[in-house]
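Biologist: Can you pull up the model so we can go through it together? I'd like to start at the surface.

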Amino acid sequence: MASASAPPPPVVGPPRPAAATAFPASSPYQRARPRRLVAAAALAPRAMPWPHVLTVAGSDSGAGAGIQADIKACAALGAYCSSVVTAVTAQNTVGVQGVHAVPEEFVEEQLRSVLSDMSVDVYGYVKTGMLPSAGVVKVLCENLRKFPVKALVVDPVMVSTSGDTLSGPSTLTKYRDELFSMADIVTPNVKEASRLLGDVSVQTVSDMRNAAESIYKFGPKDIHVLVKGGDMPDSSYAIDIFFDGKEFIELRGHRIMTRNTHGTGCTLASCIAAELAKGATMLHAVKVAKKFVESALYHSKDLVIGNGPQGPFDHLFRLKAYHMRSQHKFNPDDLFLYAVTDSGMNKKWGHSIKDAVKAAIEGGATIIQLREKDAETREFLEAAKACVEICRSSGVPLLINDRVDIALACNADGVHVGQSDMPAWEVRELLGPGKIIGVSCKTPAQAEQAWKDGADYIGSGGVFPTTTKANNPTLGFEGLKTVCSASKLPVVAIGGINATNAGSVMELGLPNLKGVAVVSALFDRECVTTETRNLRSILEDACSRS
């Protein structure tokens, strides 16, 4: 329903602030405007508040934009989305064939129905899309004064992606004079920014900055403006300009070459609202939304729906990735005895990488990770290829630590990454759905993010002090329990684990703790096979006891 930018980071915002009569001084929601002054009675504790976005927008019969896109975008980011329909359109991938505006009285009835009942005033955030008349804008503003909400995201939809006009000049005036004064953020694309400013030219990044500053003046002193540059000609990037009244921030993303851009503007604004509802700061919400749209466009670039020039894209691409992940060959039980090689230890004992891997498999290792920090790339690749052959012949998965390029080149079974490495969702984009991805996690928030990013398992530790990684904080059993209880993924414990303490780790009996990862207890030994066999026996005995 809106023309669009081709925005990026998948990312979940920090926990939502608890309901209270005021936000912290640093919060972007601490305002002097009347609609922010929520009555104390309305803030009585409620059971399990859920992030809630109310979209006030038009319906797209082709389902690529409008309220259909808003609902899908919010669902994809974990927010509940209620809706008020302002217009019903007949449109498809070719264009808009007709618009039927919903009577203003019925728009008001919908607003009262949702705002009076569904806790939008306490926990909710409103996002606007197509507002077909000045009367509808007036009705919306009146109801937002009666039913204060936490934040208002205004996507000033005026022209559809296909170029059809959706709002007239009188609506434009109402936007500037009334709605913007209540908004927390306004998200015009370059064409909409131009119309809001009397058809000024907006064709360069410098023009976008000037437009953002001019639009900022329409609102209160704490409004934010995001001018989206997805429609900018002759740019190899999708550049957006974020302005908070003090600082211009240039947000760059990859320009995805695809016809499937219908609804990107609606989606971006809805994602911002969803992230705000989850507790994110404004800039963080914008960054998450931009990365979400970029990822959705990337995954949908070859999608074919309809015969027109503007196709829809897949908001639920992550669900598809999870479904495909559940179908590939990863077995959580493979984490039972997770052997991690070390180049320094191999050199100390005169073992080649191939010999060390072969010995660990002979001793009963159930999965191998090649962690070779010192080897040159070509040398590492040749060794990795040889190890792949050894592991495949034994039915043992082989993962590469950090190096996605090596994993791709040798066709390894997957990759394990740390918090400072490439994000798991980007690794998934590169490796595809059929590979195993593990992520090192020390906190519940990191475990949650790994799950959202499409990882298959997490490694959590150090459980005990270790010498194989410098400056590695120790979690202990309590820290491991905390991460395991929060994780939706299988967990392998790592860090300082050896023959004397491995049994006690498995005896914790945590349901999703599937095994232990070991480095020096296996590879800093003369006979890797003997040490591996001994450790496997200890783990099996501990599991039988627990």
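Biologist: Is Leu 408 buried or exposed, or somewhere in between?
Modeller: In between: Leu 408 is partly exposed, at 46% relative accessible area. On this scale buried is under 20% relative accessible area, exposed is over 50%, and partly exposed is in between, with a 1.4 Å probe and protein chains only. Keep in mind that this is a predicted model, where local features need pLDDT of at least 70 and side-chain atom pairs count only at 80 or more, while totals for chains, interfaces and linings use all residues. Residues are numbered from 1 along each chain as its sequence is written, and side-chain values use heavy atoms, leaving out hydrogens and water.

Biologist: Where does Leu 408 sit, and which residues form a nonpolar patch with it?
Modeller: Leu 408 is part of helix α14, residues 404-410. Helices here are DSSP runs of H or I with at least four residues, strands are runs of E with at least two, and both are numbered from the N terminus. The patch is formed by Leu 408, Met 422 and Leu 430, which together have about 260 Å² of accessible area. Patch members have over 30% relative accessible area and no salt bridge; nonpolar side chains (Val, Leu, Ile, Met, Phe, Trp, Tyr) are joined within 5 Å, and like charges within 9 Å. Areas come from the Shrake-Rupley method with a 1.4 Å probe, and for residues only the protein chains shown count as cover.

Biologist: Anything odd about the backbone around there?
Modeller: Asn 411, in the loop between α14 and β13 (414-417), has a positive phi, near 60°. Asn 411 is partly exposed at 41% relative accessibility. Ala 63 has a positive phi too, near 65°, and lies in the loop between β1 (52-60) and α1. Most residues other than glycine have a negative phi, and most peptide bonds are trans.

Biologist: Which residues does the cis peptide bond join?
Modeller: Gly 461 and Gly 462, with omega at about 0°. Gly 462 is in the loop between β15 (457-461) and α17 (476-486).

Biologist: OK, inside now. How many residues are in the largest nonpolar core?
Modeller: The count is 76, and Ile 368 and Leu 370 have the most contacts inside that core. A core is a set of buried Ala, Val, Leu, Ile, Met, Phe, Trp, Tyr and Cys residues joined through side-chain atoms within 4.5 Å. Helix α13 (residues 377-394) gives the core its largest share, eight residues.

Biologist: What does Leu 370 touch?
Modeller: Not counting residues up to four places away in sequence, its contacts include Ile 353, Val 357, Phe 380, Cys 387 and Leu 399. Contact means heavy atoms within 4.5 Å. There's also a second, separate core of 47 residues, with Val 114, Val 190, Ile 223 and Val 225 among them.

Biologist: And Thr 267, buried or exposed?
Modeller: Thr 267 counts as buried, at 0% relative accessibility. Thr 267 sits in helix α8, residues 264-277. Beyond four places in sequence, its contacts include Ala 69, Ala 73, Phe 292 and His 315.

Biologist: Switching to charges: how many salt bridges does the structure hold?
Modeller: The structure holds 20, where a salt bridge is a side-chain nitrogen of Lys or Arg within 4 Å of a carboxyl oxygen of Asp or Glu. One of them pairs Asp 70 with Lys 127 at 3.0 Å, N to O. Asp 70 is in helix α1 (residues 66-76) and Lys 127 in strand β4 (residues 124-130), so the pair links distant parts of the chain, 57 residues apart. Asp 70 is buried at 0% relative accessible area, and Lys 127 is buried at 0% as well.

Biologist: Where are Glu 178 and Lys 174?
Modeller: Both are in helix α5 (residues 169-179), four residues apart, about one turn of the helix. Their side chains meet in a salt bridge at 2.8 Å, N to O. Glu 178 is buried at 13%, while Lys 174 is partly exposed at 23%.

Biologist: Last thing: where is pLDDT under 50?
Modeller: Over residues 1-46, for which the model has 157 contacts beyond four places in sequence. Residues 324-328 are below 50 too. pLDDT is the predictor's confidence in each residue, from 0 to 100. The mean for the protein is 86, and 86% of its residues reach 70 or more. Where pLDDT is low, the predicted coordinates should not be read in detail.
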